[in-house]
Amino acid sequence: MRWTLLLAGGLALACAGCLRVPAGIEPVAGFELPRYLGRWYEIARLDHPFERGMDNVTAEYSLREDGSLRVLNRGYLRARGEWREAEGRARFVRDPGTGFLKVSFFGPFYGSYVIFDLDHEDYQWAFVAGPSRRYLWLLARSPEIGTAVRGHFLDRAAALGFPVDGLIFVAHGDLPADNPMEELTMIELPKPALDGPMSVERALHLRRSTRAYKNEPLRLAELAQLLWAAQGITDEQGHRTAPSAGATYPLEVFVVANTVEGLAAGLYHYRPHEHRLELLRTGQLAGPLARASLDQSMLRDAAAVLVFAAVFERTTARYGARGERYVHNEIGHASQNVHLQAVALNLGTVVVGAFRDEEVAQALRLGDPHRVLYLMPVGRL
Ligand SMILES: Cc1cc2nc3c(=O)[nH]c(=O)nc-3n(C[C@H](O)[C@H](O)[C@H](O)COP(=O)(O)O)c2cc1C
């Protein structure tokens, strides 16, 4: 089912005038697109026919090969018990450092998308306007926001002349158990333990690379704990278990599940903010991955392989060439966390850096903007 127009502000007007910025409102400067990519939750909006009756609204931004932005909007039309989604394309109107984009869901017709306030530090919230003050959205990285951000949004929007009395705050959650879109592709992970019987000193002392594992499945809770150790969220600001240069978070962790209880064999993506796995593809990938990695057999034998990839642009956009070094630093932090967590869970692992980049990318179909840097097979000892 197609659902058009969401977050394409003035698109209904479909005219050149739709690329206006409302008078007196300035798009943010110092905008960094790589940090804006990924999923946003719609927290509040001025309502429009194209979003009427929808809750659980999200927008997902990713890069296309031609340099434009893929926009995927989703929402739940509660009265009908249906999900709607619309895919569009966005481009910068001015330079890529200015938060002013044009979004199109139909051919050549574009509407304004003006980011007029932004959490420049951590990219956790954004205020977005369309071509006039009739269009306003508050987007955030998690479905709940603190009172400080909400207050700032209402004050700022009122001061800029938006009709804030008309705002609706969008419900997230309360979805039917047979929610097909989420059920099929999203796997809730068991909550990570924040304490355990083994000291850090003991884990450091015991840590060893291991390459032979029992032919036994991994429990989902064990995999969840390892993923949390790699990139889990540890405070309300979205900071993580591993440090990140300027909180740019270039790392993405994928999982090749071979034998994990509760997971079909396939490729998954870890979403730290939701502590969920997104199923990308089912199928046995361990064999192709091992072949792409100089036939290192532990990749075939492991119950699961954690695949560490990086989106370098998130960090180089801020730090230039030096950002490359920072990404390599970060992969060390995250993988060591997993190493120590594996010891504490009595699981075996090793970091694998010897593989053919193109073949791994091909086997996993993980191309631009991701670059795979490390593989960590995990199995029971
Ligand atoms: C950058 C890097 C790349 C590595 N690549 C591989 C690899 O491809 N295959 C492998 O079996 N071990 C790999 N290792 C693991 C090392 O062989 C291992 O850390 C080393 O033998 C020391 O053993 P220990 O980790 O038990 O202390 C790699 C380690 C590092 C730091």
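User: pLDDT is the predictor's confidence in each residue, from 0 to 100. What pLDDT does the chain average?

Analyst: Happy to start there! This is a predicted model, in which local features need pLDDT of at least 70, side-chain atom pairs count only at pLDDT 80 or more, and totals for chains, interfaces and linings use all residues. Numbering starts from 1 along each chain as its sequence is written. Of the residues, 92% score at least 70, and the chain average is 89.

User: Over which residues is the pLDDT below 50?

Analyst: Where pLDDT is low, the predicted coordinates should not be read in detail. The stretch in question has 49 contacts in the model beyond near neighbours in sequence, a contact being two C-beta atoms, placed from the backbone, within 7 Å. The pLDDT below 50 covers residues 1–16.

User: How many of the 12 residues of H5 are buried?

Analyst: Helices (H or I, at least four residues) and strands (E, at least two) are DSSP runs numbered from the N terminus. A residue is buried if 20 or more other C-beta atoms lie within 10 Å of its own, exposed if 12 or fewer, and partly exposed in between, with C-beta atoms placed from the backbone. Leu223, Leu226 and Trp228 are among the buried residues of H5. H5 is largely enclosed by the rest of the structure, because the buried count is 10.

User: Which helix is among the elements that cover the buried residues of H5?

Analyst: The cover includes strands E11 (251–257), E12 (266–271), E14 (304–310), E15 (347–349) and E16. It also includes a helix, H9.

User: How far does H9 reach from its first C-alpha to its last?

Analyst: H9 spans residues 322–344, 23 residues, and its expected span is 33 Å at 1.5 Å a residue; that expectation is 1.5 Å times one less than the number of residues. Its buried residues include Tyr326, Ile331 and Val338. Just after H9, asparagine 346 takes a positive phi of about 60°. The reach of H9 is close to the expected one, at 34 Å.

User: How many residues are in the largest nonpolar core?

Analyst: Such a core is a set of buried Ala, Val, Leu, Ile, Met, Phe, Trp, Tyr and Cys residues joined through C-beta atoms within 7 Å. Val255 is one of the members that touch the most others; leaving out residues up to four places away in sequence, its contacts include Leu223, Tyr268 and Leu306. Apart from this core lies another of 35 residues, among them Tyr41 and Phe162. The largest core has 62.

User: How many residues of the shell around the ligand are charged?

Analyst: Residues around the ligand, with a C-beta atom placed from the backbone within 6 Å of it, include Arg208, Arg211, Gln296 and Val350. Ala, Val, Leu, Ile, Met, Phe, Trp, Tyr, Cys and Pro count as nonpolar, Asp, Glu, Lys and Arg as charged, and the others, Gly among them, as polar. The shell has 4 nonpolar and 3 polar residues, while the number charged is 2.

User: Which residue does a cis peptide bond join to aspartate 368?

Analyst: The partner sits in the loop between H10 and E16, where glycine 367 is also placed. Glycine 367 counts as exposed, because it has 11 C-beta neighbours inside 10 Å. With omega at about 5°, the residue joined to aspartate 368 is proline 369.

User: Is tyrosine 249 buried or exposed?

Analyst: Tyrosine 249 lies in the loop between H5 and E11 and has a positive phi of about 45° although it is not a glycine. With 24 other C-beta atoms within 10 Å, tyrosine 249 is buried.
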